[in-house]
Amino acid sequence: MAAAWQNGKIDWAKFQELIKDCPVDLLCYDPPQKKPSFAKLRQVNLFAPRTPWFRNFPCCLAESTHAAIQCSGADFRHVLISNPDTWFLEMMQPPTADMNYCPEFLRGVWWMKDNIANETCVSLESGHWNEAGTEGWKLCSVNWTTGSNWFGSLLLSWNMWKARKGIHADIQISVDQKWIALTKDDYIYVLGPEDKMVDAEGRTYPFVPGLDMLRITFPEGDPKQGLFYQYMMRKVAQKGSDGEVVKTPAYQALLERVQRPTMEGCCCNFFLCNISDEQYPLVYDALDDHQLLIPGPEELPKEILDLIANEPGWPSYK
């Protein structure tokens, strides 16, 4: 996919040519990351949202990371998916109250369904967008929740480090608004009424145009190698006409995942030797109600603000 990129910008015409070489149906929903073959340590329950590893005394890596983030001075919150109204609204704050250039179809809070990296909810609305709504800068550490286990905790800390180093997501939207580029490897396909999704058995996979999108990662950015990662982005909340939080039906699906019983492994759930390959995907479906959040509005570093200030079509965010 590198051939479609030059100086940090994507050539959408070249991108469309390259994805024609993908050997799999991009609209077949069969997340590779939820298969046993994806896991490096199949029998160890390291990455499930409710993993007991490295939690509580004496090996309290998760709690220690929470303390370190708190001590960094960040506006660090512990929030619950089951009680979301206040923090959902905070996640949807644009950088400045009078300048919300995020495209209407991307506004709201999105659930990253089947993302096993213990990232749960994200807002693109809080990023810095150009006036046309075709390009935006997004901090991966702000308004981007992670679960509270050791992996989610370290992931948030890592994203904070990247933000301090000036590493951010440069979001670019195609002219027809069907594709969104996040990196050279990572993309979002915007589902419309003309699309048809199927599962691995060829059965119709339901989605709601305008409320559901398909997140795709190509291995090493190369569509010829098929798909490396795939999940649904489902809008779970948006602002109403009076600025209040309005939840969508997808929020109930998210809440059901939070309330679902834990798929119990063996040895106090530290291992998954008793979980069959058929059951393995369910290990990741019982989500952590307890989320970690640094709420917005987002603040980009000065060097990025200086960069976009000299670009045509960008408002002054200083």
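The legends below describe close-up views of a predicted model.

**View 1. The ring of Phe 47 and the ring of Trp 150 form a tilted aromatic pair.** Of the 21 aromatic pairs that the structure holds, this view shows the one in which the ring centres of Phe 47 and Trp 150 are 5.7 Å apart and the planes stand at 45°, so the pair is classed as tilted, the angle being neither under 30 degrees nor over 60. The two partners come from distant parts of the chain, 103 residues apart, with Phe 47 in the loop between strand 3 (28-29) and helix 2 (61-71) and Trp 150 in helix 4 (residues 150-164). Phe 47 is partly exposed, its relative accessible area being 34%, whereas Trp 150, with a relative accessible area of 12%, is buried.

**View 2. Phe 47 also forms an aromatic pair with Phe 151, and this pair is edge-to-face.** The centres of Phe 47 and Phe 151 are separated by 5.2 Å, and the angle between their planes is 85°. Because Phe 47 belongs to the loop between strand 3 and helix 2 while Phe 151 belongs to helix 4, the pair ties together parts that are 104 residues apart in sequence. Phe 151 has a relative accessibility of 22% and therefore counts as partly exposed, since buried would require a value under 20%.

**View 3. Phe 47, Trp 150 and Phe 151 belong to a cluster that is linked by ring pairs.** The other members of this cluster are Trp 53, Phe 54, Phe 270 and Phe 271.

**View 4. The face of the Tyr 251 ring has Lys 247 lying over it.** The distance from Lys 247 to the ring centre of Tyr 251 is 5.5 Å.

**View 5. Helix 6 (residues 302-309) has Ile 304, Leu 305 and Ile 308 as its buried residues.** These residues lie on the same side of helix 6, because the arc that they cover around the axis is only 100°. Among the elements that cover the buried residues of helix 6 are strand 7 (128-129) and strand 8 (135-138).

**View 6. Arg 257 is shown in helix 5 (residues 249-259) together with its contacts.** The relative accessibility of Arg 257 is 9%, so this arginine counts as buried. When neighbours within four places in sequence are left aside, Arg 257 is in contact with Arg 50, Lys 113, Asp 114 and Asp 285, as well as with Trp 111, Ala 286 and Leu 287.

How values were computed
Residues numbered from 1 in each chain as written. Predicted model: local features only at pLDDT ≥ 70, side-chain atom pairs only at ≥ 80, totals over all residues. Heavy atoms only, no water. Phe/Tyr/Trp six-rings, centres within 6.5 Å; stacked < 30°, edge-to-face > 60°. Helix = DSSP H or I, 4+ residues; strand = E, 2+ residues; numbered from the N terminus. Buried < 20%, exposed > 50% of the residue type's maximum accessible area, 1.4 Å probe, protein only. Lys NZ or Arg CZ within 6 Å of the ring centre and 35° of its normal. Arc of directions from axis to C-beta. Contact = heavy atoms within 4.5 Å.
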